[in-house]
Amino acid sequence: MRAKTPTIAALLATTLLACQASLAALSGQVVIKDFMFVPTTLTVKAGTTVTWANQDEEPHTVYSDTGLFRSSAIDTGEAFSFRFDTPGTYHFVCTIHPRMVGTIVVE
Ligand SMILES: [Cu+2]
């Protein structure tokens with residue numbers, strides 16, 4: 001006999017999709033390429049985990065100017081993540097190439 005109400009599996013699938021959507025909304029990405037952070041300024045909501053993904057040929061670092069977060073050298077194809085829970089403006093720099101700077105704005 002066919003059920004007329006949604007199956008538990010269908011309900012779980014819907015719930016899972018909703019969870020994935022909310023997780024996606026709380027992630028942000030900065031790409032490191034051609035000795036630049038792209039975008040230079042990324043605006044996110046509080047609680048967002050930002051990932052810096054190195055797509056450059058060289059290793060880079062991500063250092064907060066306040067010391068809040070500090071990566072080790074991020075090699076090509078690797079990434080570094082930090083979760084921003086407090087609204088504010090956060091500047092960072094690559095310590096290997098100090099002209100590489102960027103900003104995360106947390107709302
Ligand atoms: Cu660098």
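Reader: What makes E1 and E2 a hairpin?

Author: In this predicted model, E1 and E2 form a hairpin with 2 residues between them. Strand E1 covers residues 27–33 and runs antiparallel to E2, to which 3 bridges join it. Two bridges are enough for a pair, so with 3 bridges E1 and E2 count as paired strands. One of the facing positions is Val 31, whose bridge partner in E2 is Val 38.

Reader: What is said of phi at Asp 34?

Author: Phi of Asp 34 is near 50°, a positive value in a residue other than glycine. Asp 34 lies in the loop between E1 and E2. Phe 35 is found in that loop between E1 and E2 too, and its phi is also positive, near 60°, again in a residue other than glycine.

Reader: How do you know whether Asp 34 is buried or exposed?

Author: Count the C-beta neighbours inside 10 Å: Asp 34 has 10. The limit for exposed is 12 or fewer, so Asp 34 counts as exposed.

Reader: And why is Phe 35 put in its burial class?

Author: Phe 35 has 14 other C-beta atoms within 10 Å. Exposed stops at 12 and buried starts at 20, so Phe 35, with 14, falls in between and is called partly exposed.

Reader: What makes the burial class of Thr 48 what it is?

Author: Thr 48 has 20 C-beta neighbours inside 10 Å. Buried requires 20 or more, so Thr 48 meets the cut-off and counts as buried. Thr 48 belongs to strand E4, residues 48–54. Leaving out residues up to four places away in sequence, Thr 48 touches Leu 26, Ser 27, Gly 28 and Phe 84. Its C-alpha atom is separated by 5.5 Å from that of Arg 83, although the two residues are 35 apart along the chain.

Reader: How do you know that E1 and E4 pair, and in which sense?

Author: E1 and E4 share 6 bridges. At least two are needed, so E1 and E4 are a pair, and the sense is parallel. Across this pair, Gly 28 stands opposite Val 50 in E4.

Reader: Why are E2 and E6 called edge strands?

Author: The open sheet they belong to has 4 strands in the order E2-E1-E4-E6, with mixed pairing. Strand E2 (36–38) and strand E6 (79–84) each have a single partner strand, so one side of each is left without a neighbour in the sheet. Direction ignored, neighbouring strands of this sheet are turned by 20° against each other on average.

Reader: Which strands make up the sheet that holds E3?

Author: That open sheet has 4 strands in the order E3-E8-E7-E5, also with mixed pairing. Its edges are strand E3 (41–44) and strand E5 (63–64), each pairing on one side only. E3 runs parallel to strand E8 (residues 101–106), with 4 bridges between them. In this pair Leu 42 stands opposite Ile 104 in E8.

Reader: What stands out at the peptide bond between Val 38 and Pro 39?

Author: That bond is cis, with omega about 0°. Pro 39 sits in the loop between E2 and E3.

Reader: Which residues have the most contacts inside the largest nonpolar core?

Author: They are Val 30, Val 50, Trp 52 and Val 62, in a core of 13 residues. E1, E4 and E6 each supply at least two residues of this core. Membership requires burial, so Val 50, as part of this core, is a buried residue. With neighbours within four places in sequence set aside, the contacts of Val 50 include Gly 28, Val 30, Leu 42, Val 44, Phe 82 and Ile 104.

Reader: How many helices and strands does the protein chain have?

Author: The chain has 1 helix and 8 strands. In order from the N terminus, the elements run α-β-β-β-β-β-β-β-β. Of the 107 residues in the chain, 19% are buried. Among contacts between residues at least 6 apart in sequence, 46% join residues at least 24 apart.

Technical notes: Residues are numbered from 1 along each chain as its sequence is written. This is a predicted model: local features need pLDDT of at least 70, side-chain atom pairs count only at pLDDT 80 or more; totals for chains, interfaces and linings use all residues. Two residues are in contact if their C-beta atoms, placed from the backbone, lie within 7 Å. Axes are lines fitted to C-alpha atoms, for helices over the stretch in contact, and angles run from 0 to 180 degrees between N-to-C directions. A nonpolar core is a set of buried Ala, Val, Leu, Ile, Met, Phe, Trp, Tyr and Cys residues joined through C-beta atoms within 7 Å.
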